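Reader: I should be grateful for a close look at the nonpolar core of this model, and at the parts that can be described alongside it.

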Amino acid sequence: MDIKQDRWLELPHELWEVVFKIVFPSDRDHSQGSVIKDRVTILGVVCKTFYSIIKLTVSEVCLRSFDINVLPEVIKSYTKLIELDLNNNHFSGEWPPEDMRHMTQLQKLYMYHNSISSISSRISTFQTLSKVCFSSNNLEYIPSEIGTCVSLTKLFLP
């Protein structure tokens, strides 16, 4: 899933029609503020439900070359994430960070061309990792816990 800024609002035309029918129904008197307020409340519930479904179904996220140095909050809750591509950004310090702990299904992590200095011992909590790429970073430390990642078949280091 590519979530570049200019793509956030690219929803099918038919979906926008449904949204506007919920908020501005043609069979109601639009002068009644409470009717519109109720519809907006319903729309909020629908959006929250939609987000709940999305975060449980998204399996791939590509944030390659996004010029970021922190993991976006929305990504941290994707519990079914299998592949995460953070190549060519400005991440630094120790990886993976604590806030990735919910990504227990993660199989592929791409971190090429960042400024990561060490791999955290938390890497051992990702038992489904099969491919990890830390090439072109500033790695100074690789923990022995990386050996406990039983599914790991490909490890790319500087």
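**The nonpolar core**

Author: The largest nonpolar core comprises 27 residues, and those with the most contacts inside it are Ile75, Leu81, Leu84, Met100, Met103, Leu106 and Phe134. Such a core is a set of buried Ala, Val, Leu, Ile, Met, Phe, Trp, Tyr and Cys residues joined through side-chain atoms within 4.5 Å; buried denotes under 20% relative accessible area, exposed over 50%, and partly exposed in between, with a 1.4 Å probe and protein chains only. The model is predicted: local features need pLDDT of at least 70, side-chain atom pairs count only at pLDDT 80 or more, and totals for chains, interfaces and linings use all residues. Residues are numbered from 1 along each chain as its sequence is written, and side-chain values use heavy atoms, with hydrogens and water left out.

Methionine 100, when its neighbours within four places in sequence are set aside, is in contact (heavy atoms within 4.5 Å) with Leu71, Leu84, Trp95, Leu106, Leu109 and Phe126. Of these partners, tryptophan 95 is buried, with a relative accessible area of 4%. There is one aromatic pair, where rings of Phe, Tyr and Trp (its six-membered ring) pair if their centres lie within 6.5 Å, and planes under 30 degrees apart count as stacked, over 60 as edge-to-face and the rest as tilted. The rings of phenylalanine 91 and tryptophan 95 have centres 4.9 Å apart and planes at 80 degrees, so this pair is edge-to-face. Phenylalanine 91 has 0% relative accessibility and therefore counts as buried. In soluble globular proteins, nonpolar side chains tend to be buried together.
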